[in-house]
Amino acid sequence: MRHPFPYEHFRNKSFVFFSLVGTLPLAPALRSRLAAAGFQTAQELLDTGPCGLSKEIGISREEALEALQVVRQECHGDAARTPGGSGATRKCTALELLEEEQTQGFIITFCSALDTILGGGVQLTKITEICGAPGVGKTQLCMQLAVDVQIPECFGGVAGEAVFVDTEGSFMVDRVVDIAAACVRHCHLIAEAQQEEDHREALETFSLENILSHIYYFRCRDYIELLAQVYLLPEFLSEHSKVRLVVIDGIAFPFRHDFEDLSLRTRLLNGLAQQLIIIANDHKTAVVLTNQMTTRIGQSQSTLVPALGESWGHAATVRLIFHWDNSQRLATLYKSPSQKESTIPYDITVSIPLGWRFTDGSTLSAVKEFSGKSDKGLCSLSVAFQLPSEGKQ
Amino acid sequence: MVVLRAGLCPGLTEEMIQLLRANGIRTVVDFVSSDLENVAWKCSLSYKALVAVRRVLLAQFSAFPANGADLYEELKSSTAILPTGSPSLDQLLDSGLYTGEVTELMGAPGSGKTQVCLGIAASVSLGLKQHVLFLDSTGGFTASRLYQMLRAQTEDEEEQLEALQRIQVVRVFNIYELLSALQELRDQLQGLCVVSSVGPLKLVVLDSVSAVIYPLLGGRQSEGLALMMQLSKELKTLAREFSLAVVVTNQVTRDGSTGPLKPALGRSWSFVPSTRLLLESREAPWEKATTQRVASLAKSPRQPTGVQVELDIGNGDVLEPSPVTPAQGL
């Protein structure tokens, strides 16, 4: 038995009771039946109860119970959701957001020019996309970031763990070992130079085994596995709350072949993008994606553009494009909410491990390290490392 | 489609409802559109009582026609025009954003839609001292950039902090969250919620609408369109009832890989905003870094379309508006 809607009674209660049936996440067939029967608000549904509901719209008791469960969750969920993903806690003033942003750390890339154009490094809670032709250094940068995210806070890092989702099979463990070893060496040198207590303590836990054991590696072979992995990530991240970086190396690869229905592809990609944004936001992680380039043939010329189409361009908040200009590699910041567009040159240089003689860089192909030209901060040590006159060892 | 309930109006009793229901009349629409003589005979109810009930129901539920002159007076007193902070953009929009209407900004990735939205929010919050609601569905809202813009407009720290506090940011990443955020806003504006952190609200920015709608369209499901229309109805009624200016951002897509750019979300959505602006940059972006953008008017109820102006999204400095050049219609 229903009565006229007592608005005054609900003045201080949750406003979600007034939400229209059309906005509740129910199955479309059920929703149309409810609309035909004249139900308008969630409160009316809850008042009717499962027996009344099943009689009114002609569904079984179990289905009515399930539907009411969903409605109840929706109504009470706002009040009692976990801090991980509540609509209520995602609301704040710009001032609070500013304070949050100013205390947030960045994941440095060990190339200070790149860090500068990014505004300090790869930002947490945002999606960064790296596009480039094959062989330009995207996977190298991803592996570098997976190591850099683990740098302890006293050295300027965020002390987090990393999740690496690989779709192309380009993850090389021995390469990561080299990068991690070089990173540990750099931190040791800083600690020796500055001689502070917390540096020494942090270095005890910052070792090669530790770094490797905190990179969680997932291999996805097709787009279904990739989608499943991304949709299961929030649970994984709730258990491993120290993860600060999620890398998806090769987001274009599973979607670029064998897709007949392009509108389905757009829909899946957009759903994936929204899920990644939710992950980045709720768990305070940086999400880094790598994308391929494709050719757009225009009327008079052809240009290289990022793959996956126009709509994918909106998924990432920050977009970096790596390209060639004759024989110089360039990195361009193409899209960013807070930094201007700029281009910097970079090199993939060679790092000299202790005990080796410095020879002409082009013959040392086994060991490479991604670093850039700079003379500030951590990078100064890597430059000193590579000068032949010093590193005679 | 309101179901007939006892107590909906005097004279409508529970037995009457049961009798009507037994004869297939469940909602107000069924009742009002049926032949009352027939109903009186089939349900053995008094014809006079039914006519009285119908009169009350019509008075309660039907819409009343309004006098055009009254409507004009009401609009004159309740519509405000919000300056966007950029004089050339204001010129394009016929002196600013009109409250009661939905304005759309569209552009390719990196064309500056979020920057323009931040600029508008900063200008309304700082210049007009009104509250702003920013619904962010892409994660692109950066408070430090907003702060940079505010610092460029005023030196007074007190004012900057107050302006920041007047902008409320809600992160909504799917359509249901967006709809419940709008519902919450409606309840706050109607005074049904005691907690009212929304002061004199004049501007609602939704960045971007295509990010929440795209995952629902395509494939074989048809409820995406229904939800999109529900969202548009909610935005338009909020704008009209509470005299808000609503700004939404949208993507652009191409037909095939070489077609011209067109706004996303299709024809159904194209009827929703009353004004549409297209933002583009002049040349391929990674050959020459630039903060210049071109804004052109694609749809407007007041201005001729095709007008273009140049904007600088870097510092908020405005260039001289370029001479009117007709652009390709969209």
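## Chain A as a whole

How much accessible surface does chain A have, and what share of that surface belongs to carbon and sulfur atoms? In this predicted model, the accessible surface of chain A comes to about 18,000 Å², and 54% of that area belongs to carbon and sulfur atoms.

Chain A holds 14 helices and 15 strands, and 53% of its 393 residues count as buried. Among the contacts in chain A that link residues at least 6 apart in sequence, 65% join residues that are at least 24 apart.

## Helix α12 of chain B

Helix α12 of chain B covers residues 223-242, and because a helix is expected to advance 1.5 Å a residue, these 20 residues should span 28 Å, which agrees with the 28 Å between the end C-alpha atoms. Just after this helix, B:Ser243 takes a positive phi of about 55°.

The buried residues of α12(B) include B:Leu227, B:Met228, B:Leu231, B:Leu235, B:Leu238 and B:Phe242, and also B:Glu223, B:Gln230 and B:Glu234. The buried residues of this helix pack against α1 (28-37) of chain A, and, within chain B, against α10 (175-190), β6 (201-207), α11 (209-213), β7 (245-250) and α13 (266-270).

## Strand β10 of chain B

Strand β10 of chain B, residues 275-280, is mostly covered, with five of its six residues buried. Five bridges pair β10(B) with strand β3 (residues 102-107) of chain B in the parallel sense, and B:Gly107 stands opposite B:Leu279 of β10(B).

Strand β11 (residues 292-299) of chain B is also joined to β10(B) by five bridges, and these two strands run antiparallel; here B:Arg276 stands opposite B:Lys299 of β11(B).

How values were computed
Residues are numbered from 1 along each chain as its sequence is written. Chains are lettered from A and ligands numbered from 1 in the order in which they are written. This is a predicted model: local features need pLDDT of at least 70, side-chain atom pairs count only at pLDDT 80 or more; totals for chains, interfaces and linings use all residues. Side-chain values use heavy atoms; hydrogens and water are left out. Helices (H or I, at least four residues) and strands (E, at least two) are DSSP runs, numbered from the N terminus. The expected span of a helix is 1.5 Å times one less than its number of residues. Buried means under 20% relative accessible area, exposed over 50%, partly exposed in between (1.4 Å probe, protein chains only). Contact means heavy atoms within 4.5 Å. Accessible areas come from the Shrake-Rupley method with a 1.4 Å probe; for residues, only the protein chains shown count as cover. Two strands pair if DSSP finds at least two bridges between them.
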